[in-house]
Amino acid sequence: MIHAAFLIPLFPLVGFLILAPFGRRIGNPIAGWIATLMVLASFVVTVLVFAGVAGEPVASRLHVENWFTWLNSGQLSIGVGIQVDPLSLTMAMFITGISTLIHCYSVGYMKLDEQFSKFFVYLNLFVFSMLMLVLGENLVITFLGWEGVGVCSYFLIAFWFTRPSAASAGKKAMIYNRVGDGGFLLALFLLIDKLHSLTFTTIFSHLSQLSPTDLTAVSLLLFVGAVGKSAQLPLFPWLADAMEGPTPVSALIHAATMVTAGVYLMCRVNPILHLVPNAGHLIAWIGVATAFIAATIGCAQTDIKKVLAYSTVSQLGYMFLAVGCGAYDAAIFLMLTHAFYKALLFLASGSVIHAMDDEQDIKNMGALRRAMPLTSATFFIGWLSIAGIPPFSGFWAKGDVLSNAWVVSPALWAVGAVTAILTAYYMGRQYLLVFLGEPRWKKAGAGSLHPHDASWQMSMPLVVLAVLASFGGLINLPFGPHLTFLESWLAPVVGSGLLHNTDSTLQLWMFGVADAVFAIGGATIALSLWRNVVNRPALEPQFLFMAWFLDASIDRFIARPSSALALFSARVVDRQVIDGAVNGVAGLFKVSAGRLRRLQTGYVRTYALVIISGLVIMVAYFMIRSGL
Amino acid sequence: MDHQTLSTVLQVSGAISRQQAFPFLTAIILVPVFAASLILAIPRDARRLIRGVALVASVAVLGISAAVIDLFRTGDGGYQMVSNHMWAPGLGISWSIGVDGISLFLVALTSLLFPLVLFGAYARQNTKSFSVWILLLEAGCLGSFLSLDLLMFFLFFEATLVPIYFLMVSWGHEGRNRAAMKFLVYTFVGSAFLLVGAIALAFMHQSQTGLLTFDIRSLVHTHVSGTEGVLLMLAFTFAFAVKAPIWPFHTWSPDTYAEAPASASIILGGVMAKLGTYGIVRFDLELFPHATILLAPLFLTLGVIGIIYGGIVAAQQRDLKRLVAFSSLSHMGFIVLGAFALTGESVSGAVVEMLNHGLYTAALFLLIAMIYSRRRTFEIARLRGLQGAAPVMAGIFTLVMLASIGVPGLNGFVGEFLILAGTFAAHRWWAVVAVLGVVISAVYMLWAYQQIFHASQPMTDPKEPLRDLTTRERLVLVPLVVLIVALGVYPKPVLDRIEPAVNQLIMHVHQVEATNALNANALSPLEGR
């Protein structure tokens with residue numbers, strides 16, 4: 001079955017190629033179902049390939065397939081192909097799985113949209129790009145997917161292009177990502193310069209040829225790319241704006257898959273990171289700082305999707321914390337469970353937004369539990385899971401990250417623990433404001449509103465994701481090597497986690513109890529503070545609401561000065577200095593020519609004169625020099 | 001093994017004999033000239049006939065260059081399909097034309113863009129003179145790329161100015177006269193330096209060998225070093241720098257691009273800009289290796305400044321065509337960077353970027369012309385919300401835009417990637433700064449796209465509702481779109497043909513430099529006396 005792997009990215013590509021020209025004629029909802037079917041087919045193939053690879057002995061679970069040579073130049077030869085191994089298959093499986101669910105959900109969610117088929121064109125292209133990103137056998141293919149998902153994200157954020165805010169948000173996302181891409185590209189160039197290859201297997205077998213400086217540079221440059229794509233400090237403001245896109249997009253691209261590409265990249269190049277522990281520390285600190293800052297911001301947001309956006313940033317921070325600590329399997333574990341519960345939370349909030357007639361302010365909601373029991377129940381599971389309440393999936397994954405952080409540095413662990421309390425708190429606040437309390441939407445002027453659970457296309461994915469979010473922890477239970485399925489599966493690619501060198505049952509239980517206390521504590525605080533209260537200005541300071549003024553600062557100190565510089569370059573430097581010099585030289589010749597020969601000429605004759613005299617002088621010079 | 005060698009030999013000789021069966025390259029240059037003279041004989045009212053002749057001729061040229069690509073021997077880095085005819089023996093000028101990997105795709109690009117112009121950016125008034133000028137322009141461009149004789153190159157290079165001047169003055173927009181004059185004078189001044197340089201070089205060659213010739217295959221052996229080399233190289237490069245343009249010799253280009261009719265903009269941006277960069281690769285590198293290496297830091301710097309500066313200034317343009325002009329300045333900066341970085345990857349990247357830039361710039365100018373025909377303006381602020389009314393146009397514009405900002409999978413990425421990778425290896429810090437251009441290009445292009453296509457209400461005139469692309473317009477864009485995608489997904493066939501010529505060129509540069517160094521060492525005691 002392994003040789004069927006090429007079908008994994010092929011199906012969504014075919015879907016894109018069918019729907020791009022004919023989508024509109026195929027129409028609503030068939031176009032959506034075709035797209036869903038393509039992704040489902042891709043998921044089925046992934047499962048089969050997964051089974052095939054799992055049947056192989058551990059040592060031979062790496063298969064590289066070369067399709068064709070993209071280019072040859074100098075010593076550089078770059079192929080197009082895929083690499084099937086435990087890591088890429090894990091990624092491909094959860095990407096296609098979640099994508100199938102979200103495609104299905106979208107058929108319901110986008111039902112009334114005029115651009116229905118176009119939405120699925122972009123969605124299928126996105127899935128194709130994302131799969132190339134994780135399956136690519138060399139960094140150029142990874143970069144192709146990397147840019148492809150960025151472009152699709154741009155299309156989909158700006159999907160409702162008639163809204164200026166959506167159009168601007170799309171552009172902003174693309175530009176922030178490009179900043180990171182600069183770093184990514186430089187890492188590629190450095191590797192090309194030193195190793196003349198970008199194939200993963202070649203790079204990893206020739207790492208000894210790289211000096212420590214080069215290794216550090218490559219790691220940090222790739223991390224710059226990851227910071228842009230995965231919305232880490234200081235490049236996270238775009239992700240909050242990205243919520244302008246339709247909610248299924250937020251769930252798929254800006255929570256479950258694309259934004260985790262940076263984490264995937266770091267895990268993929270773990271043999272490099274392994275050699276530069278200092279880079280790891282930096283990554284861990286940036287990750288945990290992002291996690292903490294985004295969590296504080298999440299406490300003060302009032303838009304249902306922005307709370308989730310900042311919580312995504314925060315959770316991604318945890319993943320980078322794990323990466324920085326060398327616990328790549330923990331990062332992937334959290335990535336998977338996060339994909340389950342965050343996609344769930346987004347889709348559930350999409351149901352809410354749908355039911356509330358596009359209202360997104362949680363202060364105008366409340367008491368939706370009775371009106372939307374299924375949505376409420378699934379959102380509740382999402383909350384418990386992300387908060388890390390045992391035995392939901394988030395508890396196991398976050399616990400894995402935190403215990404690994406402890407091994408590297410208790411300080412990292414402490415910040416992560418505070419963030420865990422905050423997470424349980426702000427998600428609780430959101431749940432309480434949306435689903436409990438008074439039905440504030442009744443007096444908010446929307447008199448004819450009758451919120452209700454959505455159609456089966458939208459409900460079915462919620463239920464599936466709720467099950468996954470509840471029981472996802474089963475894939476990696478820390479009770480002995482026979483239960484850490486994910487860790488053993490990934491071990492050939494990323495090595496095994498740190499803790500297992502030192503762990504003891506006692507330590508394990510202590511971490512478990514501590515994590516549970518943080519989660520329950522945070523949730524209890526939320527319950528006691530927000531049960532029947534809508535506004536607590538002291539807990540929602542402007543500083544947090546405005547996201548630590550990071551966006552405003554970037555605008556004030558980078559965007560506006562750059563804009564002013566551009567204006568100065570265009571108006572003064574280009575028009576007056578450079579063009580002025582050109583015109584000045586021309587004028588000078590004109591004047592001197594006029595004075596010398598008193599010629600009443602236009603441009604052409606003047607110039608002819610200048611040219612000829614110059615010509616004579618130069619020819620004479622060279623004739624003399626060459627002895628003629 | 002023997003059998004294999006034999007069959008390769010047979011294949012190669014077969015290809016050579018097929019190549020010699022018909023003077024393809026001469027025909028490429030002469031067909032448009034003949035067609036132009038034929039049109040002169042047709043009465044000006046027979047518009048359809050005139051147009052038909054022009055189209056047939058340009059399509060015939062396209063067919064011949066397809067044959068040339070087909071007959072081109074991939075592994076061969078030298079000139080192919082050469083034809084030599086002494087023209088003015090006393091002056092050493094000959095009709096020497098030939099094609100190698102560096103010029104092959106520029107010829108192909110030229111012969112692709114002209115039929116598209118004739119098909120999609122045709123002038124409604126004065127069809128006759130328009131067709132004649134366009135065909136002469138095509139001959140001039142093709143002649144420049146194919147000439148192996150320096151003086152012939154110069155003549156073709158100059159000959160392109162006349163048609164473009166008249167195209168601008170007769171069919172341009174309001175500010176056309178001033179812009180055309182500025183363009184003419186500026187490039188003319190540049191060319192004067194080229195002429196002087198060419199003559200001087202030929203004299204130097206004559207004094208060393210006793211033979212007066214302008215054939216670059218002989219001139220490469222001229223021993224130029226030190227001051228002469230630098231001066232000659234600067235004289236050549238000035239002409240090319242104006243034509244490309246390279247910062248800071250670009251100030252003619254925004255005005256010219258903006259005021260020129262669509263046809264001229266397409267040719268200026270798509271083809272004629274490459275006359276400058278082609279000149280750099282073909283003549284600077286080949287004839288003055290020592291000076292090129294010596295002055296490389298200067299031109300690398302100008303290239304990088306062009307990349308950044310072009311992008312920054314593009315972000316402040318209010319006129320769509322000016323924006324493309326500055327974006328071109330930025331892309332030309334990449335080509336200059338690649339050429340002067342002098343590594344296999346970077347020079348190949350520069351050559352392939354010439355082709356790719358030609359494709360997406362032509363597509364951009366065509367799209368801009370299509371927008372203009374609907375909205376009668378190039379002003380970005382007065383265009384908005386077009387995506388709602390014209391989704392296909394928006395889709396194609398998006399694709400072309402993404403190619404131009406270098407998104408992988410589309411053609412713009414290939415050249416940029418190779419250029420930067422090659423430059424990084426040889427001149428790291430220039431490449432590091434140049435990478436900023438990747439960010440900046442996204443800023444100005446996406447900004448322009450948002451202004452034109454996004455936003456709320458399309459400003460529609462109730463009398464004239466906005467139409468999406470017509471079938472004819474789609475047909476014009478299809479070849480470009482197909483190539484933009486195809487060359488992004490699979491650039492190997494193109495690069496395989498470029499590589500050998502580039503490698504040969506770089507080897508030549510380094511050989512000459514090594515010999516120079518050797519001679520300098522040998523001479524130094526003499527000089528010391």
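**Reading a two-chain predicted model**

Guide: Let's start with helix α14(A), which is mostly covered: 21 of its 21 residues are buried. A residue is buried if 20 or more other C-beta atoms, placed from the backbone, lie within 10 Å of its own, exposed if 12 or fewer, and partly exposed in between. This is a predicted model, in which local features need pLDDT of at least 70, side-chain atom pairs count only at pLDDT 80 or more, and totals for chains, interfaces and linings use all residues. Residues are numbered from 1 along each chain as its sequence is written, while chains are lettered from A and ligands numbered from 1 in the order in which they are written.

Visitor: What span should helix α14 of chain A have at 1.5 Å a residue?

Guide: The expected span of a helix is 1.5 Å times one less than its number of residues. For the 21 residues of α14 (residues 304–324) of chain A that gives 30 Å, and the end C-alpha atoms are 31 Å apart, which agrees. Just after α14(A), A:Gly326 takes a positive phi of about 80°.

Visitor: How many helices and strands does each chain have?

Guide: Helices (H or I, at least four residues) and strands (E, at least two) are DSSP runs, numbered from the N terminus. Chain A has 25 helices and two strands; chain B has 22 helices and two strands.

Visitor: How compact is chain B for its 529 residues?

Guide: The radius of gyration is taken over C-alpha atoms, and the globule rule is 2.2 Å times the number of residues to the power 0.38. Chain B has a radius of 23 Å, close to the 24 Å from the rule, so it is as compact as a globular protein of that length. Its C-alpha trace spans about 85 × 55 × 55 Å along the principal axes, and 61% of the 529 residues of chain B count as buried.

Visitor: In chain B, what share of contacts with a separation of 6 or more joins residues 24 or more positions apart?

Guide: Two residues are in contact if their C-beta atoms, placed from the backbone, lie within 7 Å. In chain B that share is 81%.

Visitor: Which elements of chain B have the lowest and the highest mean pLDDT?

Guide: pLDDT is the predictor's confidence in each residue, from 0 to 100. Helix α1 (residues 2–20) of chain B has the lowest mean, 58, and helix α14 (residues 320–341) of chain B the highest, 95. Over residues 525–529 of chain B the pLDDT is below 50, and this stretch has zero contacts beyond near neighbours in sequence.
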